[in-house]
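Q: Please choose one place in this structure and look at it closely, then follow what surrounds it step by step. I am new to this structure, so explain each term when it comes up.

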Amino acid sequence: MHQKNKHITIFVLLAICLLVYAFGEVSSSPMPLSIPAGWPKPVYDFSKNPLTKEGFELGRQLFYDPLLSRDHTISCASCHLQATGFTHVDHELSHGIDDKLGTRNSMTLMNLAWSKHFMWDGGVNHLDVQPLAPLNSPVEMDESLENVVKKLKSRLKYRTLFFNAFGDSLATGQKVLLAFSQFLLQLQSSHSKYDKHIRNEEGGDFTAQESNGLRLFRLHCASCHPEPLFTTNGFAKNGLPIDTTLNDFGRMQITQNPQDSLKFKVPTLRNIQFTFPYMHDGRFKKLREVLNHYSSTTQLSQPIVLSAEEKVDLIAFLLTLSDREFLFDKRFGFPRD
Amino acid sequence: MVQASNLKKAYLKQIEKKIKNKPQVFTNSSVKTGNQPILHAMNKILRCLILACCFCPGYGQNHQQPFEIHISPVFASAPLVAGRWYLSPSGDSIQLTNLRFYLSDIQLELSNGQIISDPQKAHLIDIFEPSTLQLSIPVDSQNASIKSLHFNLGIDSTTNVSGAQAGDLDPAKGMYWSWQSGYINLKIEGISPKCNTRKHAFQYHIGGYLQPNRALRKIELHVNTTPQEEIFVKMDLATFFSNINFTTLSQVMTPGSNAMKLANYCTQMFSIHAPKK
């Protein structure tokens, strides 16, 4: 009898414990992505890293913190500025620590939940591990995840942020990476004029020029840049001759397959108005130069024929992909407290 | 029973540690004050639970007994020690400075046909970190004998594409490639006067999870022992270096045909030492 009572006590205590635990969970507020109607299913497995407000906040602080670099001078935002679609504008090749130049133009960051491979050569196979590339690169941040974890553990601010996000104040490599994904996954651009046009929303009325641009786009560009993400998220050879000062063969460097020579990741075209210069090595400053390349190269399987007027219309359409709500969304900006 | 009480002690210690850690967090004023009463209540409940556990005989009793596996690194017949020079079968002087690798998906095959899987997915072994050289696998059938030991040298493809992992698989452990995602299955680093490199160093980082350069190797060793005994897995570096020509190959740090070749040499290193009586 004595024994039985004890078991009952334990059971009741356990039940209370579970209730308190469940109640305690409410303090981490879920922040699921609201996926626009008609968009495909995301690639990212959210069940392994459920999005919360606290996780997002930690990721945002990390994104804007130069502590991540060896000498505390470079943050992710150094090469990924919100107002320009989270990329580094006006530099052919992005620069990092000690003013060192990289070999490519930084990529934009948006709608990453749909991406399977990252970087221009697709060398990174999961969003979670993407931050390791700039972190370890000797010309970007020149730092190790191990040392970043050490630095974060010593900051009271981060102990609080980690506790809020993960219920444990101690940083680990995994938690740093999961928090980054929490922030990056929220960078969703889906409120451009084009989106409003497709959803028949206010402000989505296309001019005749924009409508013709969309028609031309669907005819000539959509095989590599399909709606609504404006990328296949795959790799393609786009006919650019190799820059012999860089000798960047793209995807082949990862797969070691000669078939992949000069293939690069197809970038999204969303917010393209602001993400200049264009191509993996930033060789084109203007959208017009990009269109001139595609309509003159002999390297494509299907040549693109565009008249001067058609190019103007196509550019008018591309400008409808600008999403000011996204580019100026305060939640994604520098955390001022 | 001794085992069970040990487990209980470890569990209590863990809980106590958790409770002790919490006030450190509360010293920060920016923590939401709304959480405090709940967490204080939780602390109290946890304390009650600890007491309840102490007074409840048989609680947490576990019939599983751990089977101990020891990894014994050697160079031919000599034990492997950091900073000591060894002579390879091909006549090269060698000193090892870093030797770390992943053992994953460890399984024990019993005489009754049962397969026992290690609950921990992967172990990061550091030859110069003795605490990592001992593994224990809980075995619940004490009457059957252990026929063989199976493990992977390296990390499987699924784990390689599954994003950020914890524990030994945390990329902060330095066994992860950043510019081309994937785990480094094994790192062998050291010096030999034969190497025409800076400081005569050799570095072999063996990995790669995509075909045709999948560097993971499955290893099976015949054991024939009882769960009450322990086994010693000998890892003989001399067999690895007998294949190595330092003048032609002293640096491998990418997946590819060289990594595949080195991975094959690695499989020859492992054998079972007679169990200590």
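**A valine and its surroundings**

A: A:V149 is partly exposed, because 19 other C-beta atoms lie within 10 Å of its own; a residue counts as buried with 20 or more such atoms, as exposed with 12 or fewer, and as partly exposed in between, with the C-beta atoms placed from the backbone. The model is a predicted one, in which local features need pLDDT of at least 70 and side-chain atom pairs count only at pLDDT 80 or more, while totals for chains, interfaces and linings use all residues. Residues are numbered from 1 along each chain as its sequence is written, and chains are lettered from A and ligands numbered from 1 in the order in which they are written.

A:V149 belongs to helix α4 (residues 145-153) of chain A, where helices (H or I, at least four residues) and strands (E, at least two) are DSSP runs numbered from the N terminus. Leaving aside residues up to four places away in sequence, A:V149 touches A:A171, A:T172, A:G173 and A:V176, and also B:A172 from chain B; a contact here means C-beta atoms, placed from the backbone, within 7 Å. One of these partners, A:A171, is 22 residues away along the chain, yet its C-alpha atom is 5.9 Å from that of A:V149.

Another partner, A:V176, is among the residues that touch the most other members of the largest nonpolar core, a group that also includes A:F162, A:A179, A:L184 and B:I206. This core has 103 residues, and such a core is a set of buried Ala, Val, Leu, Ile, Met, Phe, Trp, Tyr and Cys residues joined through C-beta atoms within 7 Å. Nonpolar side chains tend to be buried together in soluble globular proteins. With residues up to four places away in sequence not counted, A:L184 touches A:G59, A:L109, A:L112 and A:L127. Apart from the largest core lies another one, of 13 residues, among them A:Y194, A:L214, A:V290 and A:L321.

Helix α6 of chain A covers residues 173-186, and 14 of its 14 residues are buried, so this helix is largely enclosed by the rest of the structure. At 1.5 Å a residue, taken over one less than the number of residues, α6(A) should span 20 Å, which agrees with its end C-alpha atoms being 21 Å apart.

Elsewhere in chain A, helix α8 (residues 208-220) packs against helix α11 (residues 308-319) at an angle of about 95°, with their axes 7 Å apart; axes are lines fitted to C-alpha atoms, for helices over the stretch in contact, and angles run from 0 to 180 degrees between N-to-C directions. That makes α8(A) roughly perpendicular to α11(A), a word kept for angles of 65 to 115 degrees, whereas those under 35 count as roughly parallel, those over 145 as roughly antiparallel and the rest as oblique. Among the residues that meet there are A:L214 and A:F217 in α8(A), and A:L314 and A:F317 in α11(A).

As for the chain that holds A:V149, chain A has 12 helices and two strands, and buried residues make up 40% of its 337 residues. Along its principal axes, the C-alpha trace of chain A spans about 90 × 50 × 40 Å.

Technical notes:
Contact = placed C-beta atoms within 7 Å.
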